[in-house]
Amino acid sequence: FTPEQPMAERWTPIDSYKWGDEDKEVRIYVDLEGVGDHPKEKIESNYTAKSVELRVRDFQGKNLRLSLPDLNDEVDGLTHKVTPKRIVLVLHKKTEKKWWDLQHRSAPKWGAEDS
């Protein structure tokens with residue numbers, strides 16, 4: 001991004017989150033101190049069958065984005081809840097089965113050198 005681009009076009013990745021698997025849902029926890037006082041219309045969550053995205057606009061001078069492509073399995077719904085210090089994304093599983101990982105892990109690349 002260049003300095004000429006307006007803030008609305010710049011996104012800072014959210015790299016820190018926790019997640020948990022439940023029978024019919026997967027929950028993703030994003031800790032953001034003070035987010036409970038942030039205008040609700042500036043917090044958006046979207047999904048496709050295999051991805052989820054959270055956007056928090058103009059939070060403490062930054063636009064924040066969590067993007068998780070290639071989810072472990074399909075979802076068919078998404079809601080989010082905002083608490084004083086956290087956003088909880090609730091992904092509704094299409095099929096009720098255990099998720100051992102949030103996203104698919106890439107298959108090992110045989111013959112690749114270790115660095």
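This report describes one open sheet in a predicted model and the pairing of its strands.

Residues are numbered from 1 along each chain as its sequence is written. Local features need pLDDT of at least 70 and side-chain atom pairs count only at pLDDT 80 or more, while totals for chains, interfaces and linings use all residues, and side-chain values use heavy atoms, with hydrogens and water left out.

The open sheet has 4 strands in the order 2-3-8-7, with antiparallel pairing. Strands here are DSSP runs (E, at least two residues), numbered from the N terminus, and two strands pair if DSSP finds at least two bridges between them. Strand 2 and strand 7 (75-83) stand at the edges with a single partner strand each, so one side of each has no neighbour in the sheet. From one strand to the next the twist averages 15°; axes are lines fitted to C-alpha atoms, and angles run from 0 to 180 degrees between N-to-C directions.

Two of the antiparallel pairings are listed below.

| Strands | Bridges |
|---|---|
| strand 2 (residues 18-21) and strand 3 (residues 25-31) | 4 bridges |
| strand 3 and strand 8 (residues 86-93) | 7 bridges |

Strand 2 leads into strand 3 by a hairpin of 3 residues. Between these strands, Lys-18 lies opposite Tyr-29 of strand 3, and Gly-20 has Arg-27 in strand 3 as its bridge partner. Asp-31 has its bridge partner, Arg-86, in strand 8.
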